[in-house]
Amino acid sequence: GRGVFARRRLEEDDVIEICPVLVFSKEESRYLKKTTVHNYYFDWKKGQAALVLGFGSLYNHSEDPNAVMEHNMVRNVTRIIALRKIKPEEELTIDYTGGDPERELWFKVKK
């Protein structure tokens with residue numbers, strides 16, 4: 001029900017967004033499944049969870065994404081970078097598996 005769309009033309013390797021990351025401890029992460037945040041967080045290091053602020057947690061999944069996320073777990077920031085040219089009003093998408101075909105998603109992908 002949510003998504004992120006380009007406001008202008010983007011070129012390959014353009015930095016779309018730099019997002020601060022709110023990190024939840026391993027103990028706090030256990031409670032996220034009982035909240036709306038469950039649909040928007042990322043696995044982080046050492047059992048932690050992370051909510052990528054800005055639009056970072058709203059990018060939809062695609063098996064053919066036009067953007068990639070680069071997580072910096074030391075600085076707690078995430079960069080979203082264009083993988084190819086993107087037209088204005090085109091939806092910006094990422095691959096939730098990180099390119100790992102063995103990683104299972106928690107939802108069925110619409111073809």
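Two strands count as paired if DSSP finds at least two bridges between them. The exercises below apply to a predicted model.

**Exercise 1. Determine how β2 and β7 pair, and which residue of β7 stands opposite Cys19.**

Solution.
- Step 1: Five bridges connect β2 with β7, and the sense of the pairing is antiparallel.
- Step 2: The cut-off for pairing is at least two bridges.
- Step 3: Opposite Cys19, in β7, stands Thr78.

**Exercise 2. Give the strand order of the open sheet and identify its edge strands.**

Solution.
- Step 1: The open sheet has five strands, in the order β3-β4-β2-β7-β6, and the pairing is antiparallel.
- Step 2: β3 and β6 each pair on one side only, and these are the edge strands.
- Step 3: From one strand to the next, the twist averages 35°.

**Exercise 3. Describe the hairpin of β6 and β7, including the residue with a positive phi.**

Solution.
- Step 1: Strand β6 covers residues 67–72 and strand β7 residues 77–82; the two run antiparallel and are joined by six bridges.
- Step 2: Asn72 has Val77 of β7 as its bridge partner.
- Step 3: Four residues lie between the strands, and Asn76 has a positive phi near 55° in this hairpin.

**Exercise 4. For Asp13 and Lys46, state the phi value, the location and whether the residue is buried or exposed.**

Solution.
- Step 1: Most residues other than glycine have a negative phi.
- Step 2: Asp13, not a glycine, has a positive phi of about 75°. Lys46, also a residue other than glycine, has a positive phi near 55°.
- Step 3: Asp13 is in the loop between β1 (4–5) and β2 (15–24), while Lys46 is in the loop between β3 (41–43) and β4 (49–52).
- Step 4: Asp13 has 57% relative accessibility and therefore counts as exposed. Lys46 has 76% relative accessibility, so Lys46 counts as exposed.

**Exercise 5. Find the residues that touch the most other members of the largest nonpolar core, and list the contacts of Tyr59.**

Solution.
- Step 1: The largest nonpolar core has 17 residues, and those touching the most other members are Val52, Tyr59, Met69, Ile80, Ile86 and Leu92.
- Step 2: At least two residues of this core come from each of β2, β4, β6, β7 and β8 (91–94).
- Step 3: With neighbours within four places in sequence left aside, Tyr59 contacts Val4, Ile16, Glu17, Ile80, Leu92, Ile94 and Tyr96.
- Step 4: Another core, of five residues, lies apart from the largest one; among them are Phe24, Tyr41, Ala49 and Leu51.

Methods. Residues are numbered from 1 along each chain as its sequence is written. This is a predicted model: local features need pLDDT of at least 70, side-chain atom pairs count only at pLDDT 80 or more; totals for chains, interfaces and linings use all residues. Side-chain values use heavy atoms; hydrogens and water are left out. Buried means under 20% relative accessible area, exposed over 50%, partly exposed in between (1.4 Å probe, protein chains only). A nonpolar core is a set of buried Ala, Val, Leu, Ile, Met, Phe, Trp, Tyr and Cys residues joined through side-chain atoms within 4.5 Å. Contact means heavy atoms within 4.5 Å. Axes are lines fitted to C-alpha atoms, for helices over the stretch in contact, and angles run from 0 to 180 degrees between N-to-C directions.
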